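Grab a coffee and work through the exercises below with the model open in your viewer. Each one sets a task and then walks through a solution.

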Amino acid sequence: MTQKLYYTDSKMSSFDATVLSCESENDRYAVVLDKTAFFPDEGGQYADTGMLGNAHVLDVREKNGIITHFTDMPLEVGSRVHGGIDFEDRFEKMQCHSGEHIVSGLILRHYGLNNVGFHLGRDDVTLDFDGVLSSEQLEEIERLANKAVYDNIEITCEFPEPNRLAALDYRSKLELTENVRIVTIGDIDVCACCAPHVSRTGEIGIIKLLDFIHYKGGIRVHMLCGARALRDYGARYKRNREISNLISVKQTDVSAGVSRLLDENGRLKGELTDTKKAIVQRHIAALEQTDASIIVFEKLAGVDMMREFANAAARFTDSFCAVFCEKSENEYNFILAAREGAPVTARDIAARLKERFGARGGGSDTMVSGGISASETDIREFLPEI
Ligand SMILES: [Zn+2]
């Protein structure tokens, strides 16, 4: 059994230990020490990282009471080694984990729901409950959780004697009977847990419940605590300030400001569509029967709207109709149209444009749509040759 230093001192960031074994495993080394302050990947929480001597600790796992450190360098069996944990990250995990106990304890006490899942990742912390709560109820839990932070309640971790344990009412996901580590947060929560915790609730700093979703008949709540919540606040504040500057409204009014912009955008889109339709109708109204081809360059209406014109124009000419809509300089989308049975088909024109300008496109004998890179002058000069 590895002696778990984090059980008695969650703030221990460095320690000295003896290397009991070191075995090569794939491209890593599996190192077992007589004792460690590294908390393994356990209970939904990822493992601590840090250094053992000059070796980086990449992962830590526990099996049957033995903790194995996976490192990028071998360590000499029997030697003494100095261990150092990436404590900034560990402390943030303790803030999140202790925060989770407070929230889960409060939800059990106030609404009778059990925590049935917990994930503490680098970017996300989620809590699953076996029943549904409203956003108002979660807001109340968040208020009470932060009250518990302000009250700076002591958090104790202990292994009660079997008799005392039997009499204790505590939360636990497993049926445990011996060597049960009990984490108590005043009258807020009593829970079986092996993870390191902060010493007092004030160290959590802040508990912020974010979004929640309905999940497996209950809810999954996203949460941030302490330093992570502060970073998140900073990032959100920065984004909000950027939006506020971009749309020239006060930060407190960005929602209303964006809403106004969306309304205006919708109105402008409607106006633009009406304008495009009017342009297409004008082109159609100007059509006259002709033997020659009908060639139109029309930027504003756009190629989709001009399809109606191309259809109409094909009936006014014994030749073909070609519509070009500018995308960017010397880049056009086009529609080629010819009536049924016309001597030159839309496909014939497309083939010639491909041959001459490398135009792309596809369709039928009566209509082809595609794209072309060429100047208007070159296209206008070339088309009558067909
Ligand atoms: Zn826990």
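**Exercise 1. Which residue of S15 is the bridge partner of Asp 128?**

Keep in mind that you're working on a predicted model.

Step 1. Look across from Asp 128 into S15, and the bridge partner you land on is Arg 220.

Step 2. Zoom out to the two strands: S10 and S15 run antiparallel to each other and share four bridges.

Step 3. Now look at the other neighbour of S10 (residues 125-129), which is S9; that pairing is antiparallel too, over five bridges. His 119 has Thr 126 of S10 as its bridge partner, and Leu 120 sits opposite Val 125 in S10.

Step 4. To get from S9 to S10, the chain takes a hairpin through four residues.

**Exercise 2. Work out which side chains of S10 sit on its covered face and which on its uncovered one.**

Step 1. Start from the rule: in a regular strand, side chains alternate between the two faces of the sheet.

Step 2. Read off the covered face: Val 125, Leu 127 and Phe 129.

Step 3. The uncovered face then has Thr 126 and Asp 128. Asp 128 is the residue you just matched with Arg 220 in S15.

**Exercise 3. Put the four-strand sheet together and find the helices packed on it.**

Step 1. Chain the pairings up and you get an open, antiparallel sheet in the order S9-S10-S15-S14.

Step 2. Find the strands that pair on one side only: these edges are S9 (115-120) and S14 (207-215).

Step 3. Check the twist, which averages 20 degrees from one strand to the next.

Step 4. Add helix H3 (residues 135-150), which packs on the sheet and touches S14 and S15 (218-225). The direction of H3 makes about 150 degrees with that of S14.

Step 5. Add helix H5 (residues 226-247), which also touches S14 and S15 as it packs on the sheet. Its direction makes about 85 degrees with that of S15.

**Exercise 4. Do the same for the sheet that holds S12, and say which strands are its edges.**

Step 1. Here you have three strands in an open sheet, ordered S11-S12-S13 with antiparallel pairing.

Step 2. S11 (155-158) and S13 (189-192) are the edges, as each pairs on one side only.

Step 3. The average twist from one strand to the next is 15 degrees.

Step 4. Look at S12 (residues 182-185) with S13: they're antiparallel over four bridges, and Val 183 has Cys 191 of S13 as its bridge partner.

Step 5. Lay H2 over the top: this helix lies across S11, S12 and S13, at about 115 degrees to S13.

**Exercise 5. Which residues touch the most other members of the largest nonpolar core?**

Step 1. That core has 54 residues, and the best-connected ones are Phe 38, Ile 102, Val 103, Ala 145, Ile 207 and Met 223.

Step 2. Ask who contributes: helix H2 (residues 87-111) gives the most, with six residues.

Step 3. Check the domains: at least three residues come from each of domain 1 (3-85) and domain 2 (90-234).

Step 4. Pick Ala 145 and skip its neighbours within four places in sequence; Ala 145 is then in contact with Ile 102, Val 103, Leu 106 and Ile 207.

Step 5. Apart from this core there's another of 29 residues, including Met 306, Phe 324, Tyr 332 and Ala 338.

**Exercise 6. Is Ala 285 buried or exposed?**

Step 1. Locate Ala 285 in helix H6 (residues 254-285).

Step 2. Count the other C-beta atoms within 10 Å of Ala 285: there are 8. The cut-off for exposed is 12 or fewer, so Ala 285 is exposed.

Step 3. Try a distance: from Ala 285 to Leu 113 is 71 Å, C-alpha to C-alpha, with their positions 172 residues apart in sequence.

**Exercise 7. Why is the chain called more spread out than a compact globule?**

Step 1. Take stock of the elements: nine helices and 20 strands.

Step 2. Compare radii of gyration: the chain has 35 Å, well over the 21 Å from the globule rule for 386 residues, so it's more spread out than a compact globule.

Step 3. Look at the extents: the C-alpha trace spans about 105 × 50 × 40 Å along its principal axes.

Step 4. Bring in the domains: the assignment also gives domain 3 (274-385), and the C-alpha centres of domain 2 and domain 3 are 67 Å apart.

Step 5. Finish with burial: 31% of the 386 residues are buried.

Conventions
Residues numbered from 1 in each chain as written. Predicted model: local features only at pLDDT ≥ 70, side-chain atom pairs only at ≥ 80, totals over all residues. Rg over C-alpha atoms; globule rule 2.2 N^0.38 Å. Buried ≥ 20, exposed ≤ 12 C-beta atoms within 10 Å, placed from the backbone. Domains from an automatic or database assignment. Pairing = 2+ DSSP bridges. Axes fitted to C-alpha atoms, helices over the stretch in contact; angles between N-to-C directions. Contact = placed C-beta atoms within 7 Å. Core = buried A, V, L, I, M, F, W, Y, C linked by C-beta atoms within 7 Å.
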